[in-house]
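Thank you all for coming. I would like to take a few minutes to talk through one structure, going from helix packing to charged pairs, so please have a look at it first.

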Amino acid sequence: MKTSRKTDYELVQEFVEGSQSGIELLIRRHKSRVFTYIMLMVKNEQLAEDIFQDTFIKVIFSLKAGKYKDNGRFLSWVIRIAHNLVIDHFRKEKQMNTVSNDDTLVDLFNNRKLTEKNVEENIIYEQVCEDIRTLIEKLPDDQKEVILLRHYGDLSFKEIADQTGVSINTALGRMRYALINLRKLIQKHDINLMIS
């Protein structure tokens with residue numbers, strides 16, 4: 001079998017069994033998507049490179065520790081690791097900025113008022129973002145994934161559908177249910193999303 005034709009699962013198995021070429025091929029195969037995803041989030045090439053390196057270091061350790069269970073979605077698993085590392089970075093920096101071309105989530109992702117803020121508004125904005133991220137974590141995995149890829153990764157619904165192996169309608173449906181569930185959680189936890 002030609003190496004380039006091997007599935008992600010076969011390459012993972014090769015790596016777990018001791019072949020370094022398995023992980024090298026996986027990195028080459030997915031570098032563009034993973035790096036682009038990180039770059040879209042951090043908008044800084046050097047930082048994106050660092051997080052990309054950290055992502056695959058974590059992938060390697062996770063694979064060696066047997067933490068990856070194949071479900072035909074290796075790329076999604078890697079992007080989730082990258083996403084978590086990006087979020088960790090922004091948490092440390094206390095400057096998470098969420099930007100989107102979509103206006104479906106309480107207009108939080110497109111609020112023009114956020115461009116010029118005083119210190120108090122910055123604190124409120126950071127708290128609102130933290131509250132939203134906490135609520136997103138409570139969503140079912142498939143809904144959480146589409147929110148993260150759309151609003152934090154800035155991917156189109158077609159890209160989300162391709163990456164997660166579902167139809168565009170399914171991706172849109174997951175987003176719809178995610179937003180409905182987020183609204184319910186916002187009401188349940190009595191969270192105020194108003195940013196002066």
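At what angle do the axes of helix α3 and helix α4 cross? Bear in mind, as we go, that what you see is a predicted model. In this model the axes of α3, residues 45-64, and α4, residues 74-93, come within 9 Å and cross at roughly 125°. That angle makes α3 oblique to α4, and the crossing in which α3 passes α4 is right-handed.

On the α3 side the contact is made by L47, I51, D54, T55, F56, K58, V59, S62 and L63, while α4 contributes F74, W77, V78, I81, A82, L85, V86 and H89. If you sort the residues of this contact by class, you find 12 nonpolar, 3 polar and 2 charged.

Let me turn to the other helix pair, α1 and α2, whose axes are 6 Å apart and which pack at an angle of about 145°. Here α1 passes α2 in a left-handed crossing. The residues that make the contact are D8, L11, V12, E14 and F15 from α1, together with Q20, S21, G22, I23, L25, L26, R29 and H30 from α2. By class, the contact of α1 with α2 has 6 nonpolar, 4 polar and 3 charged residues.

One residue of that contact deserves a closer look, namely H30, which lies in helix α2. H30 has a relative accessible area of 9%, so it is buried. If we leave aside its neighbours within four places in sequence, H30 is in contact with D8, F74 and L75. Of these, D8 belongs to the α1 side of the contact with α2, and F74 to the α4 side of the contact with α3.

Now to the charged pairs. Side chains of opposite charge can pair when their charged atoms come close. How many salt bridges does a search of the whole structure find? The search finds 8, and I will take you through some of them.

We have already met D8, and its side chain meets that of R29 in a salt bridge, with N to O at 2.7 Å. Because R29 lies in α2, residues 20-42, and D8 in α1, residues 8-16, this pair ties together parts that are 21 residues apart in sequence. The two partners differ in accessibility class: R29, at 33% relative accessibility, counts as partly exposed, whereas D8, at 17%, counts as buried.

A second salt bridge joins R73 and E145, where the closest N and O atoms are 2.6 Å apart. This pair links distant parts of the chain, with R73 in the loop between α3 and α4 and E145 in helix α6, residues 141-152, the two being 72 residues apart. R73 counts as partly exposed at 26% relative accessibility, and E145, with a relative accessible area of 8%, is buried.

The last pair I want to show is R174 with D142, a salt bridge whose closest N and O atoms are 3.5 Å apart. R174 lies in helix α8, residues 168-188, and D142 in α6, so the pair ties together parts that are 32 residues apart in sequence. At 31% relative accessibility, D142 counts as partly exposed. To finish, salt bridges that share partners join R73, R80 and E145 into one network.

Technical notes. Residues are numbered from 1 along each chain as its sequence is written. This is a predicted model: local features need pLDDT of at least 70, side-chain atom pairs count only at pLDDT 80 or more; totals for chains, interfaces and linings use all residues. Side-chain values use heavy atoms; hydrogens and water are left out. Axes are lines fitted to C-alpha atoms, for helices over the stretch in contact, and angles run from 0 to 180 degrees between N-to-C directions. Helices (H or I, at least four residues) and strands (E, at least two) are DSSP runs, numbered from the N terminus. Angles under 35 degrees count as roughly parallel, over 145 as roughly antiparallel, 65 to 115 as roughly perpendicular and the rest as oblique. A crossing is left-handed if the near helix is turned anticlockwise from the far one by less than a right angle, and right-handed if clockwise. Contact means heavy atoms within 4.5 Å. Ala, Val, Leu, Ile, Met, Phe, Trp, Tyr, Cys and Pro count as nonpolar, Asp, Glu, Lys and Arg as charged, and the others, Gly among them, as polar. A salt bridge is a side-chain nitrogen of Lys or Arg within 4 Å of a carboxyl oxygen of Asp or Glu. Buried means under 20% relative accessible area, exposed over 50%, partly exposed in between (1.4 Å probe, protein chains only).
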